[in-house]
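Biologist: I'd like to go through this model with you, asking each time what a label rests on. Could you start with how the copies are compared?

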There are 2 protein chains.
Amino acid sequence: MSRETVLPPASRPFVGSRAPVTTADGPGLFAACPELIGTPAAYDREEEIFGEGEEAESVYRVMQGAVRTHKVLSDGRRQITGFHLPGDLFGFEPGEAHRHSAEALSGTRVLIFKRRQVERIATHRAEVACQLWSLATRSLRQAQDHMLLLGRRSALERVAAFLLDVDLRLGGTGAFDLPMTRRDIADYLGLTIETVSRTITQLEAEGALLRTGGRKVSLRRGRMHRLVED
Amino acid sequence: MSRETVLPPASRPFVGSRAPVTTADGPGLFAACPELIGTPAAYDREEEIFGEGEEAESVYRVMQGAVRTHKVLSDGRRQITGFHLPGDLFGFEPGEAHRHSAEALSGTRVLIFKRRQVERIATHRAEVACQLWSLATRSLRQAQDHMLLLGRRSALERVAAFLLDVDLRLGGTGAFDLPMTRRDIADYLGLTIETVSRTITQLEAEGALLRTGGRKVSLRRGRMHRLVED
DNA sequence: CGTTTCGTTGAGCGGGGTCAAACGACGTGG
DNA sequence: CCACGTCGTTTGACCCCGCTCAACGAAACG
């Protein structure tokens with residue numbers, strides 16, 4: 001698998017973190033930890049970053065692009081457990097092996113941290129360990145919110161909630177370009193691609209969004225929110 | 001709300017942890033931390049331990065009995081995010097307020113730890129912070145497994161997987177007493193009580209389990225496992 | 001251009017939901 | 001001790017949301 005081919009122009013083994021990382025975990029994880037410098041890497045669209053069962057030797061921070069993590073059943077049914085956008089971390093595992101697979105949704109740049117090194121530092125620097133803790137706790141909360149969605153919400157609510165969430169994480173302007181396919185959305189929401197498609201059509205018919213070509217959408221966030229209605 | 005009325009005989013504000021806590025997080029969380037001694041408390045069946053929105057000032061460890069944590073939508077739809085058996089911890093939150101409710105399933109004893117105190121200790125004792133981290137990561141993994149179940153498994157698979165899981169957590173003998181109602185099971189599995197009931201009937205008809213009165217069941221674990229497959 | 005992948009739409013079906021009734025295990029009071 | 005009410009569970013009848021199968025349109029790519 002050739003890395004770094006589809007990627008935009010510019011330096012490939014790029015250095016430092018100049019990406020607009022203003023999301024999630026504040027001013028950057030491990031900020032208070034200069035000896036922890038990630039190794040930059042880049043992945044093509046659909047390229048696997050790690051697979052289920054592989055040894056979990058690294059953790060990752062998205063700098064640019066987007067990543068999905070998922071689990072699969074033996075018959076192919078897939079559940080995407082999370083999308084990771086710039087600023088997000090992923091790849092932490094409690095044991096020695098990954099219990100997920102991870103792939104890049106598009107040309108994606110990440111910083112790689114050695115798991116052993118992170119753990120070693122955490123064992124003698126409480127503030128780093130605390131960061132890891134709060135990070136994991138935040139992911140846990142997200143996971144629990146998603147359980148409510150998967151267990152108890154209708155297709156319409158799922159798609160509406162999803163679009164609002166992506167909008168928020170992408171800047172909250174109400175207009176954005178979906179970084180994932182219908183299949184990815186379906187496998188995240190526990191639906192089929194047909195249902196996702198039909199539901200988006202329905203949302204457009206109800207005036208809750210506008211399809212503005214390709215994967216671009218523009219949300220009427222007021223109407224959208226009324227559909228989710230906590 | 002009268003605490004400690006339905007509970008078995010014996011001392012109510014009971015002291016120490018004599019319960020058979022051999023589960024989950026090994027030889028007891030905070031074991032390496034003698035200054036962290038939990039305050040014992042007891043709750044009746046169906047009694048609320050904390051509610052969504054309340055200030056999250058404590059974390060809890062189950063010593064005896066069982067606890068459920070859940071989220072609800074405004075129209076009453078409920079998703080149980082976890083059952084907590086002896087040895088388990090619950091009540092951690094990333095923010096200041098609980099984003100769940102928690103109730104006792106039956107007469108239940110817990111140890112209460114002050115969140116502030118735990119956090120204070122974690123900030124200067126890396127090993128405690130690491131324990132918290134690995135705890136959260138383990139919960140996260142469970143949550144992700146449950147997402148796969150909620151998003152992609154059939155009713156039969158859900159119920160079978162659930163029964164196998166409870167069996168395992170209750171000792172793995174194959175015969176046990178379900179500590180929760182059909183409603184709780186349904187709200188955990190994203191089903192209705194009718195579907196849970198019908199599915200158990202079906203499992204019995206297929207010879208995968210035996211109903212041995214009340215909530216007692218006896219699993220044919222071989223057949224059961226073949227239904228979950230993966 | 002043809003080919004492939006992705007997205008949309010339609011027709012029909014079925015798994016699981018809804019509504020309703022009856023049953024069994026308890027606990028309470030006559 | 002039994003009549004009665006309550007609550008949890010089971011079962012039946014019916015229906016609908018979302019899945020399946022299939023065709024077609026629209027980009028992306030060689």
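Modeller: Gladly. Copies are superposed by least squares on the C-alpha atoms of residues with pLDDT of at least 70 in both. That confidence filter applies because this is a predicted model. With that rule, a rotation of 180 degrees with 0.0 Å of shift along its axis brings chain B onto chain A, at an RMSD of 0.1 Å.

Biologist: What makes that rotation the relation of a two-fold axis?

Modeller: In general, two copies of a chain are related by a rotation about an axis and a shift along it. Here the rotation is 180 degrees and the shift 0.0 Å, and that is the relation of a two-fold axis.

Biologist: How do you know that the copies meet through the same surface?

Modeller: Compare the residue lists from both sides. 100% of the interface residues of chain B are also interface residues in chain A, so the copies meet through the same surface. By count, 46 residues of chain B are in contact with 47 residues of chain A, where contact asks for heavy atoms within 4.5 Å.

Biologist: How much area do chain B and chain A bury between them, and what share of it is on carbon and sulfur atoms?

Modeller: About 4,100 Å² is buried between the two chains, with 68% of it on carbon and sulfur atoms. B:W133, B:M147 and B:R152 supply 20% of the area that chain B buries against chain A, more than any other three residues.

Biologist: Why is the pair B:D145 and A:K71 called a salt bridge?

Modeller: The rule wants a side-chain nitrogen of Lys or Arg within 4 Å of a carboxyl oxygen of Asp or Glu. The side chains of B:D145 and A:K71 have N and O 3.1 Å apart, so the pair passes the 4 Å limit. As background, side chains of opposite charge can pair when their charged atoms come close. Across this interface the rule finds six salt bridges, and a search of the whole structure gives 42 over all chains.

Biologist: What makes B:R77 and A:E157 a pair that joins two chains?

Modeller: First the distance: their closest N and O atoms are 2.7 Å apart, in a salt bridge. Then the location: B:R77 lies in the loop between strand 4 (67-72) and strand 5 of chain B, and A:E157 in helix 3 (residues 155-169) of chain A, so the pair joins two chains.

Biologist: How many residue pairs are in polar contact between chain B and chain A, and which elements of chain B take part in the interface?

Modeller: The count is 18 residue pairs in polar contact, both residues being at pLDDT 80 or more. Strand 5 (78-84), helix 1 (115-124), helix 2 (126-152) and helix 4 (182-189) of chain B each give two or more residues to the side that touches chain A. Helix 2 of chain B gives the most, with 20 residues. By class, that side of chain B has 17 nonpolar, 13 polar and 16 charged residues.

Biologist: Now the DNA. What makes B:R182 a polar contact of DNA strand D?

Modeller: A polar side-chain atom of B:R182 lies 2.7 Å from a phosphate oxygen of DNA strand D, and the cut-off is 3.5 Å, so the pair qualifies. The same test admits B:S197, at 2.8 Å from a phosphate oxygen of the strand, and B:T201, at 2.6 Å. Helix 5 (193-205) of chain A and helix 5 (193-205) of chain B each give two or more residues to this surface, and helix 5 of chain B gives the most, with four.

Biologist: Which parts of DNA strand D lie within 4 Å of the protein?

Modeller: Of those atoms, 66% belong to sugar or phosphate and the rest to bases. The surface near DNA strand D has two nonpolar, seven polar and seven charged residues.

Biologist: Which residues come nearest to DNA strand C?

Modeller: Of the 16 residues around DNA strand C, the nearest are A:R182, A:T201, A:R211, B:T195 and B:R198. Sugar and phosphate make up 63% of the strand's atoms within 4 Å of the protein. A:R211 has a polar side-chain atom 2.4 Å from a phosphate oxygen of DNA strand C, and B:T195 has one at 2.5 Å. Helix 5 of chain A gives the most to this surface, with four residues.

Key: Residues numbered from 1 in each chain as written. Chains lettered and ligands numbered in written order. Heavy atoms only, no water. Buried area = accessible area lost by both parts, 1.4 Å probe. Polar contact = N/O pair within 3.5 Å; in protein donor to acceptor, adjacent residues only side chain to side chain. Nonpolar A, V, L, I, M, F, W, Y, C, P; charged D, E, K, R; others polar. Near = heavy atom within 4 Å.
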